[in-house]
Amino acid sequence: MNSKILSILEFNKILSLLANQAGSVQARERILALEPMANMHMVQDALTETTEAVSVIMYKGSIPVGEMGDITGLLGMARKGRCLSMRELLMIKRTLTITREVKLFMSSDMPMGLRILPEIADLLTPVLQLEQDIDRSILSEDEMADNASAALRDIRREIRNKNDMIKSRLQKMVSTSSAKTHLQEAIVTMRNGRYVIPVKREYANMFPGMIHDQSSTGATLFIEPQAVVNLNNELRQLAMDEQAEITRILQLFSSRVAEHYNEIENNQKLLVELDFINAKGKLSCDMDARAPRLNEENCLDIRTGRHPLIPADKVVPTDVSLGKEWSTLLITGPNTGGKTVTLKTVGLLCLMAQSGLHIPADETSDLPIFREIFADIGDEQSIEQSLSTFSSHMKNIVDIFSKAGDGSLVLLDELGSGTDPSEGAALGIAELEKLREMGALVVATTHYTELKKYALSTENVENASMEFNVETLSPTYKLRVGLPGKSNAFEISRKLNLDEGIINRATELLGENQLSFEEAVSRVEADQIRTEQALAEARKARSGADEKLAMAENELESAKAEAERIVEEARSKARQMLRDAQGTIDEISRELRSIKDRKPDAGFNDGHIAGGVASSRGKLRTAEGKYKSNISPKASIQTGKTPEPEMLRVGTLIKYVKLNQNGEVETLPDARGNLTIRVGAMKLNANIKDLILIESESSGNKDRKRQKYGAMSFGKARTIKTEINLIGKNLDEATDLMNKYIDDAFLAGLKTVHVIHGRGEGILRKGLRAELKKNRHVKSFKSASYADGGEGCTVVELIDRK
């Protein structure tokens with residue numbers, strides 16, 4: 001794409017926003033050099049990368065790339081044998097740590113359907129041992145740990161011992177009674193890396209040794225007594241040994257870095273790629289953007305598109321379509337009404353999509369891949385080049401005609417302006433015709449009535465206008481396709497109390513054709529507004545009807561499922577009763593046959609037979625009682641009579657014939673016979689003609705039922721808390737826990753509860769609040785007060801339990 005176009009459409013500002021989301025210098029450099037692509041497959045892959053990044057961010061947060069320096073040069077120096085410093089090795093270690101953390105992050109608990117990100121993460125190669133050794137050995141940019149090597153540990157122990165020995169000897173010197181006279185201060189200090197004592201100049205000959213320094217006045221000499229010269233020499237040698245050992249360790253680490261040159265360099269490239277993709281996902285989340293669909297039919301369809309550089313609370317979404325029913329869209333309307341913003345929105349969203357970025361528009365938006373995008377927007381007059389406004393426009397138009405063609409998008413602001421209106425309008429029409437012949441898609445803005453008429457009478461050219469509110473004398477920034485903009489000069493002047501005579505005279509001077517055209521536009525505009533309002537009301541009514549139908553179907557399905565469960569349970573009980581009864585019959589039959597077959601003798605007579613028969617009868621009565629007890633008391637006898645309204649009371653037992661299920665009355669019938677009944681756990685809307693009265697259950701059963709549900713509600717109220725803490729949960733897990741908690745809180749009769757989710761990047765808060773909007777128990781919700789957690793906590797008000 002032409003760099004001038006990228007600047008005109010402010011694509012560079014989008015890249016700056018994207019660069020701010022990256023953690024590494026290399027990723028930011030890559031972003032600032034990003035340009036739109038013209039290859040369908042490359043664009044689709046780039047958009048898929050962004051979509052996958054958004055999925056990961058919404059599921060478990062951003063990929064932990066973080067701040068990461070460029071170590072390419074350090075790797076090259078290590079490969080050439082140069083010894084890296086502790087600071088440079090810590091930079092290497094930082095990259096190794098990020099590699100390990102990203103690998104761990106991407107290897108578990110990831111959303112389904114990812115393709116590109118797992119492939120990149122699989123190529124990361126952590127170098128754990130080198131990372132751990134550097135971390136253990138180097139404490140800071142200028143400090144090596146004692147345990148970096150055994151030799152370094154021994155040297156530093158010797159250094160400490162020598163220091164203690166020297167200090168001890170000197171301390172004895174400065175602690176004598178004569179020291180107060182001979183010394184400036186009774187202290188031990190250091191000069192040039194050697195221990196000395198401050199001696200008054202006049203007593204210097206009493207302390208043989210080496211003079212290393214003197215005070216600014218010359219009254220004090222800093223002398224190293226001869227008694228510690230050898231110890232100081234040994235200490236100096238140990239310090240050099242220490243530095244040599246540190247250098248050896250650094251060289252060893254540098255060599256190990258060189259051994260892993262290929263892995264570390266490849267890891268850095270992969271991390272930069274992940275950082276770049278992660279930045280695209282974070283920007284998409286910040287803009288509430290979506291991936292558009294792509295097509296090869298050269299058709300553009302932007303739905304609820306928003307200019308990404310206008311604050312979300314001020315931007316007005318717009319719909320723009322090109323390529324299907326028309327290839328040229330001509331936008332008219334008042335100045336500062338949003339025409340130029342609409343042009344820039346179309347161009348900028350296309351540039352973003354072709355750069356692999358999500359666009360702030362509905363996900364049903366459909367975009368082609370443009371070979372080139374051209375724009376003539378703004379006043380580029382130049383005193384140095386002797387170019388007027390018109391000349392600068394013509395220069396841009398000539399350049400566009402030399403390059404535009406099939407697969408091009410052309411954006412023209414104030415077409416034909418800067419010269420005589422009639423000539424400008426004629427030139428504008430000719431330019432639009434030429435661009436149509438070349439196969440380009442065109443969006444242009446103008447004020448000329450001739451161009452509006454041209455769009456009305458020409459195939460594949462469509463009018464559009466920016467809406468203007470005459471009552472408030474302000475634009476609404478809404479694009480209305482199919483309707484040319486009308487001049488509001490007279491209406492605005494009248495609102496501003498301009499003399500009516502002047503307005504009437506201006507109306508007389510305006511041509512009759514022009515007046516007729518403006519009146520026709522006004523009538524069409526009024527008709528369109530009425531049509532849109534009626535259509536919106538119809539859609540709202542249909543949406544409500546569809547929602548009620550869906551609820552009714554769900555209730556019916558639930559009722560059918562409950563009915564099938566009850567029937568299957570009854571069948572199971574009946575089968576078990578039959579099996580038990582058959583077993584009892586078989587046992588009694590065997591006993592009776594045994595009695596019959598036995599011959600009377602001295603030990604077995606008629607009395608024994610009578611006793612056996614009585615025993616069998618007892619078993620039959622026991623079985624009969626058992627089977628009767630298994631018959632549900634709820635199997636009430638139906639009266640077979642449809643009740644009158646006055647026969648019903650809340651709690652009256654009925655049979656709902658449509659489901660063939662028993663239930664009870666929840667509300668009394670209205671004038672049409674409609675009422676609410678309860679069947680099992682469900683509340684249903686019914687009509688009295690679909691009900692049959694049945695015998696009521698015993699009052700004891702009713703009391704037990706009330707006690708049961710009362711105990712359940714009381715138990716919930718005693719155990720449930722008024723808040724739930726979801727910090728640290730991913731969005732899916734937190735959503736399930738919150739919904740269950742809301743259900744329990746509603747059953748317990750709570751009015752207000754607190755959902756604690758933390759601040760963070762706001763992903764968990766946004767997801768949970770979106771779920772709260774759909775929960776039928778939730779009346780409203782808001783952020784907690786500052787003292788209760790602010791944006792880190794959501795206060796939820798529940799509906800009254802009925």
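Of the chain's 802 residues, 42% count as buried. The model you are looking at is a predicted one, and its chain holds 23 helices and 25 strands. Here is a short tour, from the chain as a whole down to a few individual residues.

**The chain as a whole**
- The surface that the chain exposes comes to about 43,900 Å², and carbon and sulfur atoms supply 52% of that area.
- Take the contacts between residues at least 6 apart in sequence: 68% of them join residues at least 24 apart.

**A closer look at Thr 458**
- To find Thr 458, go to the loop that runs between α16 (449-457) and β15 (461-469).
- Is Thr 458 buried or exposed? Thr 458 counts as buried because its relative accessibility is 17%, and the cut-off for buried is under 20%.
- The side chain of Thr 458 also has a partner: it reaches the backbone oxygen of Tyr 454 at a distance of 2.6 Å.

**Rings and charges**
- How many aromatic pairs does a search of the whole structure find? The count is zero.
- Aromatic rings do appear with charged residues, as with Phe 105, whose ring has the charged end of Lys 60 sitting over it, 4.3 Å from the ring's centre.
- Tyr 261 offers another case: Arg 79 lies over the face of Tyr 261, and the distance to the ring centre is 4.1 Å.

Key: Residues are numbered from 1 along each chain as its sequence is written. This is a predicted model: local features need pLDDT of at least 70, side-chain atom pairs count only at pLDDT 80 or more; totals for chains, interfaces and linings use all residues. Side-chain values use heavy atoms; hydrogens and water are left out. Helices (H or I, at least four residues) and strands (E, at least two) are DSSP runs, numbered from the N terminus. Buried means under 20% relative accessible area, exposed over 50%, partly exposed in between (1.4 Å probe, protein chains only). A polar contact is a pair of N or O atoms within 3.5 Å; within protein, one must be able to donate a hydrogen and the other to accept it, and residues adjacent in sequence count only if both atoms are side-chain atoms. Contact means heavy atoms within 4.5 Å. Accessible areas come from the Shrake-Rupley method with a 1.4 Å probe; for residues, only the protein chains shown count as cover. Rings of Phe, Tyr and Trp (its six-membered ring) pair if their centres lie within 6.5 Å; planes under 30 degrees apart count as stacked, over 60 as edge-to-face and the rest as tilted. A charge sits over a ring if NZ of Lys or CZ of Arg is within 6 Å of the ring centre and within 35 degrees of the ring normal.
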